[in-house]
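Here are some exercises to work through with the model open beside you. Try each task yourself before you read its solution.

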Amino acid sequence: MKKKIIWITMPLLLVGFVIVNWNYIAQSIEWKLNWGFEAPRPSKVETVFNTRNGFPSEGETFYVLNYRSIEKKLKEKEGWILINEQSIDTVSRHLKQFQEDVTSINKDTQKFNEIFQGNPVIYDNNDKYFYKLEEDNSYILAISNAREQKLFVMEWIQ
């Protein structure tokens, strides 16, 4: 009898886990396939905006992933660059480019300006970033903030 309960309970728990984490799982697979980018599993995912209609359509996305301890998890991941005096201007330029690209291509510029003001991407020295540019000018920019335990992920797919 105990074995039957275990055989019934385990699949239900697995299905429940997949349903609860489906958005992150699907997004994580897409990031890995498109960019070679791996984000650790967050405690919470917030979609700031998503103008894409699904894989592999064009559009822009902006996610904020929340963690209990992001820096420990990023140590294991490849491709992350330390934000310091030499790289902070580069990160700022990439972020500004993303914001300009999004506002210029979408009809409601004011709406997106308000979204960026309401969801500022904050970073400082000793945080990390990941950036990858493709031949078609699509790119991903991810910026970690150790103090706030957040990861800001922005994609521009054209």
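The exercises below go from the sheet to the core, then to two helices, the aromatic rings and two loop residues.

This is a predicted model, in which local features need pLDDT of at least 70 and side-chain atom pairs count only at pLDDT 80 or more, while totals for chains, interfaces and linings use all residues. Residues are numbered from 1 along each chain as its sequence is written, and side-chain values use heavy atoms, with hydrogens and water left out.

**Exercise 1. Trace the order of the strands in the open sheet, and find its edge strands.**

Step 1: Begin with the terms. Strands (E, at least two residues) and helices (H or I, at least four residues) are DSSP runs, numbered from the N terminus. Two strands pair if DSSP finds at least two bridges between them.

Step 2: Read across the sheet. Its six strands have the order β1-β2-β6-β5-β4-β3, with antiparallel pairing.

Step 3: Look for strands that pair on one side only; these edge strands are β1 and β3 (81-82).

Step 4: Check some of the pairings. β2 and β6 are joined by eight bridges, with Leu65 partnered by Leu151 in β6. Seven bridges join β5 to β6, and here Tyr139 has Trp156 of β6 as its bridge partner. Out at β3, two bridges lead to β4, and Leu82 stands opposite Lys128 in β4.

**Exercise 2. Is β6 largely enclosed or not, and which elements give two or more residues to the largest nonpolar core?**

Step 1: Set the cut-offs. Buried means under 20% relative accessible area, exposed over 50%, and partly exposed in between (1.4 Å probe, protein chains only). A nonpolar core is a set of buried Ala, Val, Leu, Ile, Met, Phe, Trp, Tyr and Cys residues joined through side-chain atoms within 4.5 Å.

Step 2: Apply them to β6. Seven of its eight residues are buried, so β6 is largely enclosed by the rest of the structure.

Step 3: Turn to the largest nonpolar core. It has 21 residues, and those that touch the most other members are Phe49, Phe62, Phe98, Val121, Ile143 and Met154. Two or more residues come from each of β1 (44-50), β2 (59-66), α4 (88-105), α5 (109-118), β5 (139-145) and β6 (150-157). The largest share is that of α4, with four residues.

Step 4: Find the second core. This separate set of 16 residues includes Tyr63, Ile70, Val153 and Ile157.

**Exercise 3. Which residues of α4 and α5 are buried, and what do they pack against?**

Step 1: List the buried residues of α4: Val91, His94, Leu95, Phe98, Asp101, Val102 and Thr103.

Step 2: Find their partners, where contact means heavy atoms within 4.5 Å. The buried residues of α4 pack against β1, β2, α5, β4 (128-133), β5 and β6.

Step 3: Do likewise for α5, whose buried residues are Phe112, Ile115 and Phe116. Viewed down the axis of α5, they fall within an arc of 95 degrees (taken from the directions from the helix axis to the C-beta atoms), so they line one face of the helix. Their cover includes β1, β2 and α4.

Step 4: Look at the other side of α5, where Gln117 and Gly118 are exposed.

**Exercise 4. How are the rings of Phe49 and Phe62, and those of Phe49 and Phe116, arranged?**

Step 1: Define a pair. Rings of Phe, Tyr and Trp (its six-membered ring) pair if their centres lie within 6.5 Å; planes under 30 degrees apart count as stacked, over 60 as edge-to-face and the rest as tilted. The whole structure holds 14 aromatic pairs.

Step 2: Classify Phe49 and Phe62. Their centres are 5.9 Å apart and their planes at 75 degrees, so this pair is edge-to-face. Phe49 is in strand β1 and Phe62 in strand β2, so the pair ties together parts 13 residues apart in sequence.

Step 3: Classify Phe49 and Phe116. This pair is also edge-to-face, at 5.8 Å centre to centre and 85 degrees between the planes. With Phe116 in helix α5, the two residues are 67 apart.

Step 4: Check burial. Phe49 counts as buried at 6% relative accessibility, and Phe116 at 8%.

**Exercise 5. Where do Asn137 and Gln149 lie, and what is the phi of each?**

Step 1: Asn137 is in the loop between β4 and β5. Its phi is near 70 degrees, a positive value in a residue other than glycine.

Step 2: Gln149 sits in the loop between β5 and β6, with a positive phi of about 60 degrees although it is not a glycine.
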